[in-house]
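User: Please take a close look at one strand-end residue and its surroundings, and then place that part in the context of the chain as a whole. A connected account would be preferred to a list.

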Amino acid sequence: MPHKVKAVVVKAKDAPVEIETIVIPDAGPGEAVVDILTCGVCHTDLHYKLGGIGDDYPYLLGHEATGVVSQIGEGVSNVAVGDRVVLNWRAVCGECRACAKGQPQYCFNTANATQKMTLEDGTELSPALGIGAFAEKTLVAAGQCTNVDEDVDAAAVGLLGCGIMAGIGAAINTGEVKRGESVAVIGCGGVGIAAIAGAQLAGATTIIAVDIDPAKVELAKKLGATHGVNSKDQDPVEAIRELTGGFGADVVIEAVGRPETYKQAFYARDLAGRVVLVGVPTPEMQLELPLLDVFGRGGSLKSSWYGDCLPSRDFPMLVEQYKLGRLDLDAFVTKRIGLGDIEAAFDKMHDGTVLRSVVEL
């Protein structure tokens, strides 16, 4: 029998979100129905609302989620009814050229549920990142479910589903931060501060937080940064060099997604250092760099998509680090809210005091 549940939907570009009754079909082959426990309010959800990702309205928002599997379809073996899971948007196919090369974190054919969730009148919904978890239940591909322990805060570990994993992975997976290295992070929102946490977890000894908002810099220092730079008041490139013996950082992570800050990252790294772009640019942005500088400075320029993570590998490891007290996921949960508070949560994203608002159902 189809399930009727409450969910948060946006029906047109920049329209207010609405709580609607939606219809979720029974799990089909390879699918799972998940009862949602928590879901973080991510900038990506706001991008969907504003039309920055597409115009396939109505969208069912929400994707940083923890839940309990309530139904599985034919052929599902990786999860069972009753399992506590974190949802992800990288359900690897195991067959594409990336998977065949042993690099499933770059899978080109990630899976979503085949069936559609709908409004009561039959209008098909587009779930954000193939998840749609601002809802009492959602339908996903079973591969989008990663088992996690039940003895941890669902609101905290659910953030691994997107932004926190993107930041931690940018440091550990993409940047390959090593023990004793220096790291600078430009942009101290949720993803940037997660990158700082990842650098600390990897053993970096100099971790520099850079932002134009002094409140964000101070928060970053509380969560792992050893130094802070207010780039409104000082040149961040010079400041990073001064804090690294005049050379620049071994790894510079750009968590803003703008040409101006990317150039800062490029010139703030040491010779043969690594630049990691995890901030998401918009389609019209262009980058200009002297090609001789690209050649002469050596090193590598990398992009990090979802922290180059493999959920089945990375989620359990990070949850274990959280349980051991080495990764403070609780600190990223700024506010716990209900489904009716999501519009207000979008408004709070830019005031510098909220890392994540998390919906609890």
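Analyst: In this predicted model, the contacts of I72, leaving out residues up to four places away in sequence, are with A27, E31, A32, V79, A80 and V81. I72 itself belongs to strand β5, which covers residues 64–72. One of its partners, A27, stands 45 residues away from I72 in sequence, yet the two C-alpha atoms are 5.6 Å apart in space. Despite these contacts, I72 is not classed as buried, because its relative accessibility is 29% and burial requires a value under 20%. I72 is therefore described as partly exposed.

The pairing of I72 with A27 can be set beside the pattern of the entire chain. Of the contacts with a separation of 6 or more, 69% are between residues 24 or more positions apart. The protein chain contains eleven helices and 18 strands. Its radius of gyration is 20 Å, which agrees with the value near 21 Å for a compact globule of 361 residues. The C-alpha trace spans about 65 × 40 × 40 Å along the principal axes. Of the 361 residues, 54% are buried.

The interior comes next. In soluble globular proteins, nonpolar side chains tend to be buried together. Here the largest nonpolar core has 85 residues, and L87, F134 and I253 have the most contacts inside it. Helix α5, residues 190–202, supplies the largest share of this core, with seven residues. The surroundings of I253 can be described in detail: apart from neighbours within four places in sequence, I253 is in contact with A170, A171, V183, A184, V185, I186, A195, V276 and V278. A second core, separate from the first, has 15 residues, including V210, A239, A249 and A268.

A268 also appears in the description of helix α8, which runs from residue 259 to residue 268. The buried residues of α8 are P259, T261, Y262, A265, F266 and A268. An α-helix has 3.6 residues a turn, so residues three or four places apart point the same way. The cover over the buried residues of α8 includes the helices α7 (236–242) and α9 (291–297). Strands contribute to that cover as well, among them β11 (182–186), β14 (249–254), β15 (269–277) and β16 (300–303).

From I253 one may turn to N173, a residue of helix α4 (residues 163–174). N173 and I253 are 80 residues apart in sequence, with a C-alpha to C-alpha distance of 12 Å. The contacts of N173, not counting residues up to four places away in sequence, are M165, I168, G307, D308, C309, R313 and D314. N173 has a relative accessibility of 22% and therefore counts as partly exposed.

D314, one of the contacts of N173, lies in helix α10, residues 311–323. The separation between D314 and N173 is 141 residues in sequence and 9.7 Å between C-alpha atoms. Beyond four places in sequence, D314 touches M165, N173 and C309. With a relative accessibility of 4%, D314 falls below the 20% limit and so counts as buried. M165 and C309 are also listed among the contacts of N173.

Some details of backbone geometry in the loops complete the account. Most residues other than glycine have a negative phi, and most peptide bonds are trans. The bond joining Y57 and P58 is cis, with omega about 0°. P58 is located in the loop between α1 (43–50) and β4 (59–60). D14, which is not a glycine, has a positive phi of about 60°. This residue, D14, sits in the loop between β1 (3–10) and β2 (18–24), and its relative accessibility of 48% places D14 in the partly exposed class. L129 likewise has a positive phi, near 50°, and is a residue other than glycine. The position of L129 is in the loop between β8 (126–127) and β9 (137–141).

Finally, the surface and charge of the chain may be stated. The accessible surface comes to about 15200 Å², and carbon and sulfur atoms account for 51% of that area. There are 31 positive and 47 negative side chains in the protein chain. The centres of these two sets of charges are 4 Å apart.

Technical notes:
Residues numbered from 1 in each chain as written. Predicted model: local features only at pLDDT ≥ 70, side-chain atom pairs only at ≥ 80, totals over all residues. Heavy atoms only, no water. Helix = DSSP H or I, 4+ residues; strand = E, 2+ residues; numbered from the N terminus. Rg over C-alpha atoms; globule rule 2.2 N^0.38 Å. Buried < 20%, exposed > 50% of the residue type's maximum accessible area, 1.4 Å probe, protein only. Contact = heavy atoms within 4.5 Å. Areas by Shrake-Rupley, 256 points an atom, 1.4 Å probe, with all protein chains shown as cover. Lys, Arg positive; Asp, Glu negative; His and termini not counted. Charge placed at Lys NZ, Arg CZ, Asp CG, Glu CD. Core = buried A, V, L, I, M, F, W, Y, C linked by side-chain atoms within 4.5 Å.
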